[in-house]
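Visitor: I've got the model up on my screen and could use a hand finding my way around. Can we go through it together?

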Amino acid sequence: MSIPFISAEEAASYVNNGDNVALSGFTASGTPKLVPKAIAERARSFHAKGEPFKINLYTGASTNEFVDGELTTANAIGKRAPYQGTKVTRESLNRGDIDFYDPHLSHMSQDIRYGFIGDIDVAIVEVTEMNPSGEVILGAGLGMTPTIVQLAKKVIIEYCSYYRTSFRGFHDNYVPLDPPHRREIPIYKPSDRIGSTVLQIDPKKIIGVVPSNESESVKSFTQLNDTTRAIGRNVAAFLAAEMRAGRIPKEFLPIQSGVGNVANAALYGLNENDDIPRFEMFTEVVQDAVTDLMENGKCSFASTCALAFSDETMLHFMDNINFYRDKLLMRPGEISNHPEIVRRLGLIAMNTALECDIYGNVNSTHVNGTYMMNGIGGSGDFCRNAYLSIFLCPSIQKGGALSAIVPMVTHVDHTDHSVRVIVTEQGVADLRNKAPMERARTIIENCVHPDYRPILRDYLKIARRGHFHHNLEAAFALHRTFQELGDMRLTKFC
Ligand code: 0RQ
């Protein structure tokens, strides 16, 4: 059976108001770019006629300007999950124009299979190779693709020729059995393969193939600064000391590293510390730093869900693809983030906090408890189950007007039960084997910026005693002062 080439506009015409639409990819990587843009145009033409047009959009993780950006601007998203990182979408969902919710990334595919979100009307999938019987090679990110192509009523393919070197062999497509028949996921080391390099899509479901030549358009990271460099150095020194103390095996343990500037800096910290041995990664995104780690021989292997490289690094990767063939494997998000494997492999998980409290609760998502930043992403999948769960953040933000360590976080993503270590540029708070008040003293003295240490010590003086010490009237005094006076340093406890 022949599968026709069609335009993005024709493909979009198969998407209707109210449809549940699921996309391939994870972050920008492997996400279709042309059809979502054409759906945004279709929405605009409906709106111009006074007719409603919104889709419910489900993805592996965040997307990019082509997807969340375009569809938000066209007012074409009804419901959205999980994780986004686009400014216009962030603003729109915080206005309440998009019904956004934020599950753990490892839950998304199984939620779809369990029927929790209803039918998938259309799956749009970026591929880099394809044959007429529906066998495809995916691109730079998997996300939910193996599940959504099984369940979607219709599949639209974006055939991307931007990748000028073959990605064949980098993927491990796998869908677990569901309860009550689920078995163990048989991954015992990061490089174990359990699935197929090729993904089979039922050709009868494929509406057509849209040719594309779009890159992921991922921007390069902000250069390291003194703060992020110090965070990286502190993490590396802590892990090296843990090895010397025998609490990390001499073979080291696989690393998971989150997204963003701080996570990128932590990896550079590991790279520069000679006491950290060669290690493997079991993570959900590899960013630019990982190519340097691999080329320096510091990282020998990375299992990931996506290659979240800037365009510049992606071109470098493609030029040197044979070097990477035995060093990288891409898995679906529910496997890259699977709690069973995270616990079995004993990961060192490093994620970034927006704010932490003095007891070790972490807010990764909501500024002032209300304004959604990006989402929990995979941080919860890893944090709860890792061998060592580390949260990183600069001790201050906004030129010092804001302390990232506060008496009580305004939203809790990761509780003090799961968070083992906090690292800022000031130092390291090791929270293991510590009662709440020991934790509070360690965090204040080791991680808080000197401008804020007296304020947090004063908070404890006015706090009501119990297992935790808190003063419910003053717990958010720093946040209130920032809102009223623009600087938490002006906080006075009365
Ligand atoms: O704002 O962009 O206006 O300057 O937040 O902060 O310090 O540049 O840090 O890029 O590493 O992102 C938590 C958002 C950190 C990210 C977060 C403001 C700050 C700045 C960014 P500007 P930085 P990063 C696996 C893991 C959750 C998901 C996750 C994230 C902007 O890491 O989304 O961990 N994590 N996934 O000024 C107000 C505070 C603030 C604050 C920072 N306390 N109050 N604003 N900012 N702290 C990956 C996946 O799941 C795919």
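Visitor: Which residues line the largest cavity?

Guide: Keep in mind that this is a predicted model. α7 and α8 each give at least two residues to the lining of the largest cavity. By class, that lining splits into 3 nonpolar, 3 polar and 3 charged residues. The full list is Leu-224, Thr-228, Arg-229, Gly-232, Arg-233, Ala-265, Tyr-268, Gly-269 and Glu-272.

Visitor: How much space lies in the largest cavity?

Guide: The search kept cavities of 30 Å³ or more, and the count came to 1. The space inside the largest cavity is about 30 Å³.

Visitor: Okay, on to the second largest pocket. Which helices each supply at least two residues of its lining?

Guide: Its lining includes Asn-264 and Tyr-268, and also Ser-310, Glu-312 and Thr-313. Helix α8 spans 261–272, while α10 covers 311–319. Match the numbers to those ranges and you land on α8 and α10.

Visitor: How many residues of each class are in the lining of the second largest pocket?

Guide: Arg-229, Asp-288 and Glu-312 are in that lining, and Arg, Asp and Glu count as charged. Phe-221, Leu-224 and Tyr-268 are there too, of types that count as nonpolar. The tally is 3 nonpolar, 3 charged and 6 polar.

Visitor: And how much space lies in the second largest pocket?

Guide: Ser-220, Thr-222 and Gln-223 are among the residues around it. The space there comes to about 260 Å³.

Visitor: Let's zoom out. How much area do domain 1 and domain 2 bury between them?

Guide: The domain assignment puts domain 1 at 8–212 and domain 2 at 226–490, with their centres 28 Å apart over C-alpha atoms. Contacts join 50 residues of domain 1 to 49 of domain 2. Of the area buried between the domains, 59% is on carbon and sulfur atoms, and the total is about 4000 Å².

Visitor: Which residues in domain 1 lose the most area to domain 2?

Guide: Three residues together make up 20% of what the domain 1 side buries. They are Tyr-83, Phe-170 and Pro-190.

Visitor: How many residues apart are Lys-33 and Glu-216?

Guide: These two form a salt bridge, with the closest N and O atoms 2.6 Å apart. Lys-33 sits in the loop between β1 and α2, and Glu-216 in the loop between β9 and α7. The pair links distant parts of the chain, and the separation is 183 residues.

Notes:
Residues are numbered from 1 along each chain as its sequence is written. This is a predicted model: local features need pLDDT of at least 70, side-chain atom pairs count only at pLDDT 80 or more; totals for chains, interfaces and linings use all residues. Side-chain values use heavy atoms; hydrogens and water are left out. On a 1 Å grid over the protein atoms alone, a cavity is a set of points where a 1.4 Å probe fits but cannot get out, and a pocket is an open set with protein on both sides within 12 Å along at least five of seven lines; lining residues have an atom within 4 Å of a point. Grid points are joined across faces, edges and corners, and a volume is the space filled by probe spheres set on the points. Helices (H or I, at least four residues) and strands (E, at least two) are DSSP runs, numbered from the N terminus. Domain bounds come from an automatic or database domain assignment. Contact means heavy atoms within 4.5 Å. Buried area is the accessible area (1.4 Å probe) that two parts lose on being put together, summed over both. A salt bridge is a side-chain nitrogen of Lys or Arg within 4 Å of a carboxyl oxygen of Asp or Glu.
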